[in-house]
Amino acid sequence: TSSTPSATTTTDALPDPSTLVVRPGSIGDVTAGPDKTKAIATGVFDADVEGVEGCTFQLQWKKPYVGLDVLTDEQGTITSLGVTEGGPKTSAGVGVGSTLAEIQAAYPDVSTPAELGFGQAGVIHTLGDDHIGFLFGDTTVASIKPVSKVTFMEVTSGDEPELMRSGC
């Protein structure tokens with residue numbers, strides 16, 4: 001008797017978004033700085049994705065990664081990674097929904113609240129040339145409190161996060 005080999009399909013399972021760790025300059029295995037080819041090789045991005053209003057995104061996180069975004073420059077180099085909801089947290093357990101007091105406890109060297117984003121309050125944790133910025137939604141520097149909650153996190157390398165997203 002002979003056996004017929006069965007066809008197998010190899011699919012690389014994507015890491016669960018809740019297992020991705022946010023660090024200064026990176027989310028999971030993805031760092032700010034690599035070019036488009038290296039970013040695609042991570043397996044977590046789609047390339048040249050048609051968006052709304054005629055926008056085309058050079059990179060976009062694959063579907064399971066709801067609440068994550070990526071900004072690139074004109075050459076496709078990752079300049080910033082963002083988290084707008086759920087999932088990824090820092091190794092200290094800080095994420096979207098955490099309070100200013102929790103961030104300050106986890107990162108005693110975090111910056112004092114400053115105007116970031118669109119006039120909103122934010123703080124930045126820096127390690128070498130890498131950063132995590134935490135934005136507190138509609139909270140201003142004058143109104144931020146220890147119980148104010150993070151609505152957006154942004155990681156960068158080199159330049160500090162601007163904590164802004166708009167348009168394409």
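Let's start with a single side chain: that of Glu154, which makes a polar contact with the side chain of Arg165 at 3.1 Å. Keep in mind as you look that this is a predicted model. The Glu154 side chain also reaches a backbone atom, the nitrogen of Glu162, at 3.3 Å. Glu154 itself sits in strand S12, which spans residues 152–157.

Is Glu154 buried or exposed? Its relative accessibility is 4%, and because buried means under 20%, Glu154 counts as buried. Its surroundings are worth a look in the viewer. Setting aside neighbours within four places in sequence, Glu154 is in contact with Ser80, Leu81 and Gly82, with His131, Ile132 and Gly133, and with the run Pro161, Glu162, Leu163, Met164 and Arg165.

One of those contacts, Leu81, leads us on to the nonpolar interior. The largest nonpolar core has 30 residues, and those touching the most other members are Ile27, Phe45, Trp61, Ile78, Leu81, Ile103 and Phe134. Which elements give two or more residues to this core? They are strands S5 (56–61), S6 (68–72), S7 (78–83), S10 (120–127), S11 (130–135) and S12, together with helix H2 (100–106). Strand S7 provides the largest share, three residues.

Phe45 is a good place to pause within this core. Beyond its neighbours within four places in sequence, Phe45 is in contact with Val30, Ala39, Leu59, Gln60, Trp61, Lys62, Val70, Ile78 and Leu81. There is also a second, separate core of five residues, and Leu116, Ile124, Phe152 and Leu163 are among them. Leu163 will be familiar from the contacts of Glu154.

Now turn to a sheet. Four strands form an open sheet with mixed pairing, in the order S3-S2-S1-S8. Its edges are strand S3 (30–31) and strand S8 (89–90), each of which pairs on one side only. Strand S1, residues 21–23, runs parallel to S8, and two bridges join them. To find this pairing on screen, look for Val22, which stands opposite Thr90 in S8.

Finally, a word on confidence. The chain has a mean pLDDT of 90, with 92% of its residues reaching 70 or more. Where does the pLDDT fall below 50? That happens over residues 1–11, a stretch with zero contacts in the model beyond near neighbours in sequence.

Conventions. Residues numbered from 1 in each chain as written. Predicted model: local features only at pLDDT ≥ 70, side-chain atom pairs only at ≥ 80, totals over all residues. Heavy atoms only, no water. Buried < 20%, exposed > 50% of the residue type's maximum accessible area, 1.4 Å probe, protein only. Polar contact = N/O pair within 3.5 Å; in protein donor to acceptor, adjacent residues only side chain to side chain. Contact = heavy atoms within 4.5 Å. Pairing = 2+ DSSP bridges. pLDDT = per-residue confidence, 0-100. Core = buried A, V, L, I, M, F, W, Y, C linked by side-chain atoms within 4.5 Å.
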